[in-house]
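These are my notes from one sitting with the model. I went through the sheets, then the chains, then a few single residues.

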Amino acid sequence: MKKLLASIGIVAAAGILLTACTGTGQENAGTVDKKTDLTYAVVTHSGPGDAFWDRVKSGAEQAGKDYGAKINYNSDPDPAKQSQLIDNAVAQKVDGIVVSMANPDGVEASVKKAVAAGIPVVTINSGIERSKEFGAITHVGQSETVAGEEVGKKLKEEGWKNALCVIQEAGNVGLEERCKATASTFGGTLANLQVDGTNDADVKATIKSKLQADPTIDGVLTLGGQYAIDAVGAVDESGSKAKVATFDLSEDVVSNIESGKIVFAVDQQPYVQGFLGVTALYLKSINGNDIGGGQPVYSGPAFVTKENAAQVAKFAKQGTR
Amino acid sequence: MSTEAPAAAPQTPTASAVPLIEARDIGKRYGSVRALGGVSTVVKAGEVTCVLGDNGAGKSTFIKILAGSHQQSDGELLIDGTPTHFSSPRAALDAGIATVYQDLAVVPLMPVWRNFFLGSEPTTGAGPFRKLDVKQMKATTFTELDNMGIRLRDVDQPIGTLSGGERQCVAIARAVYFGARVLILDEPTAALGVKQSGVVLRYIARARDRGLGVVFITHNPHHAYPIGDRFMLLQRGESLGTFPKSEISLEELTGMMAGGAELETLAHELARSGGSAAEVARELRAEVDALPTDTASAQSPAESPAAAAASAEPDAR
Amino acid sequence: MTTTDLVTVANRRSLDRSRLKRLFTRPEIGALVAAIAVLVFFSVYTGQFFSLPGAGVWLESASTFGIMAVAVALLMIGGEFDLSSGVMTGFTALIVGVLTTHYGLNIWVAVVIALIVALGVGALNGYLVMKTGLPSFIVTLGTFFVLAGIDLALTKVITGQVSIQGMTQVPLYDSIQPVFGSSVEIGGGNFYVSVLWWVAVTVVATWVLLRTRAGNWIFAVGGAQTAARQIGVPVLKTKIGLFMTTAGAGWLVGMISLFRTSTVQANTGVGQEFIYIICAVVGGCLLTGGFGSAIGAALGALIYGMTFQGITFAQWDTNWLRTFLGAMLLGAVFLNHWVRIRAGGGSR
């Protein structure tokens, strides 16, 4: 039995050691000052290692730092697991929850439960249509429909006729919606192309083979910054004349816009979503404010073109745009 | 020395008129390849029929036909006088023919009692609540093995921890318990040392005395001769004939085994040339005599370290 | 099976006489000790982990993994893998979703149809594995990709979307939802019915494994398939039954997930199959078959669920989540292994 206890001790010690390395332990637990004791959970539907969501996280964490609040960022693309993460936050009795709702039905029960438990909820990014119904204070994000329609119009202006819409995550409702909304105002043909977003080499190869198979394709629309870079590579290698445009930004996307390889990017400004999401909760905590007045707060779309790319480049470099 | 007619078996007065198994000119082809041909023999209650042959002589093909794993393509297989083709091992089992394979058909990680009843588990209760009769299974396993002279400390131990001889005996005890009339033993002594082989031979005798017909497959005439009532020799898929014990001596049997005749010719040739070659010839002759015993005492890979470790423990009797 | 396995098992069994010692030779004992260690660690380290609200969260998280892990453990004891088990959870839920929201079929009928289709796919898996003699790893990898493709393509073609929406508006939804997706509140914690399913599946699987003929056959076909066949065990029937069980468990988890969230996405369950295998192995199953336990697999899932949610409770930087998860699981497996060796050799 002694040995069992000893081994438990070993596991415990190992865990503590690991935490010590991250430097995010609970050193501030037990402080009296209410303002520095706030904890907010940010639960998104991101998969691991996604550049866009890293900006949301940065924004949320910056806000947390500025306001002296602790931010717990968690994510899972599976709605059932995302629900569990929300339940988890409720069980921890956090002071507020920021949640992105790619599949509102999937997290409905958990969000409503959080609201019922008296925890303020702000929705960000997706789920704008259901945010109010679920009892969230407000929604910070862009309407995928509005953004998609704007992109469609812009592509039409650019003179695209036969384009690809590259979907990097099978089954992501938001992405499907972007393509659909773009197609609605585009006028030309917009064919969806499924790729495996966790494997950039594969994304590039898939786009390349599609371009080679159909030389009439004159444009590639990607739905994430990193995939625009894959598309640029694929266009180069296939010798196709197709142009590239994309949703969402990254440092590389901006430099490609400057050099003319990407026509434009539509930026929904993820940093804003994370920052404003936490801000809305903070205002609720310290002053009981409900911002937005029952309406969503739009974080975009902001178009980045050759004209304004230079000024965006600086922030993209920091990983905040 | 002549092949035995089915009628000539006067040394066993208890044998019934109809043999349990009679093979008439049985053969097996795989496509155009002839694996076995012209095999005729009988198996009678209370007698041991030995099948002798070197590796690749066709012994395993023959027993697979008897055990129902394969079907003969030529000749007739008579069970209790009725021509039969077994469709599956199950069909052979149902006809009372139980086979103890070289790998013993035991599952090493499973407890002895589960192995003992594997495939024929007794149950109690009805419908969805039908469950294994664990108590009876354990008790029966213990008693049956005890009858065979194996006293296990714990029938719950994995069978892989028993010694090779003990596992062999569990397999035999299992076949006897489940009402086998014919017991086919595939090389039961091949992986065993001298002492363990003796133990197994005793169990074969015990099974025979209970009135079972035994088919004992081996390449060792020294193991076969003391216990066998008749001997069938196989060489390269052909039968060399079946001989009652009265018509064949151990020396003749050994000589006919495993290319023994060819080795002898070679020994003669070498002896004539004299000198160092005569030395080789003497060794060769010694080898001819000792050949099966040597192979028998060699440890086969089947004897795992664990089993060896287990057999190092004080013997269970 | 390797010699080492046998030696380990042999050591564990040797010279054990007392009841306590015998308890320590069970395959799940290591997992039990590891589960207690994880529970104690997070309970001490975080405030809310060891509370009713906290337990509700990690039990729910463990439950769906647990149901699958138990079925997968049976299959692994029987010597096979099923890589299509993860995608099966999404596949069955999508069948129900499409049939009800798009074709307006009665929801109870749709749920039964999904079960029948799942069992059919399971039987096909088993039949292909047994008839071709190919490793189940390859055959079920094929089924996995086929199903994943169908999930995406058919859902999109039929509904024009990649996820099922509007399930709650389906007639009779409220009559079936409680069966799979309801929860009760106890002391501020939400306990989902999936936890009961998990316990029930574990109990039934343990009963089957240890006290029925089928259980004997499962151990036999996994431990020594040729021997089992020679002795008259219906190998084909047993293995096909096992694949059908895994598929059936996939259906159950699919329903739980569907009625818990009232939606299902085309990519649901993809990649989960390895977690089930991991839980079964943490719970004491040998990758080579013939040895393991259902309770162990359930405990393996509990360890996974507690660790997964515990890391969130501990508020560690979740960029490191997978690293923590991996380290904790390794720790649990080492502890498990250590206990098994200790328990076996302790009497020497």
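I looked up the mixed sheet of chain A and found an open sheet of 6 strands in the order β7-β6-β8-β9-β10-β12. I took strands as DSSP runs of E with at least two residues, helices as runs of H or I with at least four, both numbered from the N terminus. I counted two strands as paired if DSSP finds at least two bridges between them. The edges are β7 (189-194) and β12 (302-304) of chain A, each of which pairs on one side only. I noted an average twist of 20° from one strand to the next; the axes behind that angle are lines fitted to C-alpha atoms (for helices over the stretch in contact), with angles running from 0 to 180 degrees between N-to-C directions.

I then followed one edge inward. Strand β10 (residues 262-267) of chain A runs antiparallel to β12(A), and 3 bridges join them. A:V266 has A:F303 of β12(A) opposite it.

What I am reading is a predicted model, in which local features need pLDDT of at least 70, side-chain atom pairs count only at pLDDT 80 or more, and totals for chains, interfaces and linings use all residues. Residues are numbered from 1 along each chain as its sequence is written, while chains are lettered from A and ligands numbered from 1 in the order in which they are written.

I checked the confidence of chain A next. Its pLDDT (the predictor's confidence in each residue, from 0 to 100) averages 85, and 89% of the residues score at least 70. Over residues 1-34 of chain A the pLDDT stays under 50. For that stretch the model has 31 contacts beyond four places in sequence, a contact being two residues whose C-beta atoms, placed from the backbone, lie within 7 Å.

I also looked up the parallel sheet of chain A. This open sheet has 6 strands in the order β2-β1-β3-β4-β5-β11, and its edge strands are β2 (70-75) and β11 (297-298). Strand β1 (residues 39-44) and strand β3 (residues 96-100) of chain A are joined by 4 bridges and run parallel. I found A:V43 opposite A:V99 in β3(A).

How many residues does each side bring to the contact between chains A and C? I read 44 residues from chain C and 36 residues from chain A. On the chain C side, α3 (29-45), α4 (52-77), α12 (235-261), α14 (294-313) and α15 (321-345) each supply at least two residues. The largest share, 7 residues, comes from α15(C). By class I get 19 nonpolar, 20 polar and 5 charged residues on that side; Ala, Val, Leu, Ile, Met, Phe, Trp, Tyr, Cys and Pro count as nonpolar, Asp, Glu, Lys and Arg as charged, and the others, Gly among them, as polar.

I turned to chain C as a whole. It has 15 helices and 2 strands. Its radius of gyration is 21 Å, which agrees with the value near 20 Å for a compact globule of 348 residues; the radius is taken over C-alpha atoms, and the globule rule is 2.2 Å times the number of residues to the power 0.38. The C-alpha trace of chain C spans about 65 × 55 × 35 Å along its principal axes. Buried residues make up 62% of chain C (buried means 20 or more other C-beta atoms within 10 Å of its own, exposed 12 or fewer, partly exposed in between, with C-beta atoms placed from the backbone).

Within chain C I picked helix α13 (residues 273-282). Of its 10 residues 8 are buried, so this helix is largely enclosed by the rest of the structure. Among the buried ones are C:Y276, C:C279 and C:V282. C:G284 follows α13(C) and has a positive phi near 105°.

Chain B came last. I count 11 helices and 12 strands there, and 46% of its 317 residues are buried. Strand β4 (residues 74-79) of chain B is antiparallel to strand β1 (residues 21-30), with 5 bridges, and B:I21 has B:I79 as its bridge partner. β4(B) also pairs with strand β5 (residues 82-83) in the antiparallel sense over 2 bridges. In that hairpin, which has 2 residues between the strands, B:D80 takes a positive phi near 50°.

My final entry is B:F116, in helix α3 (residues 112-117) of chain B. B:F116 counts as buried because it has 26 C-beta neighbours inside 10 Å. Leaving out residues up to four places away in sequence, B:F116 touches B:T141, B:V170 and B:R174.
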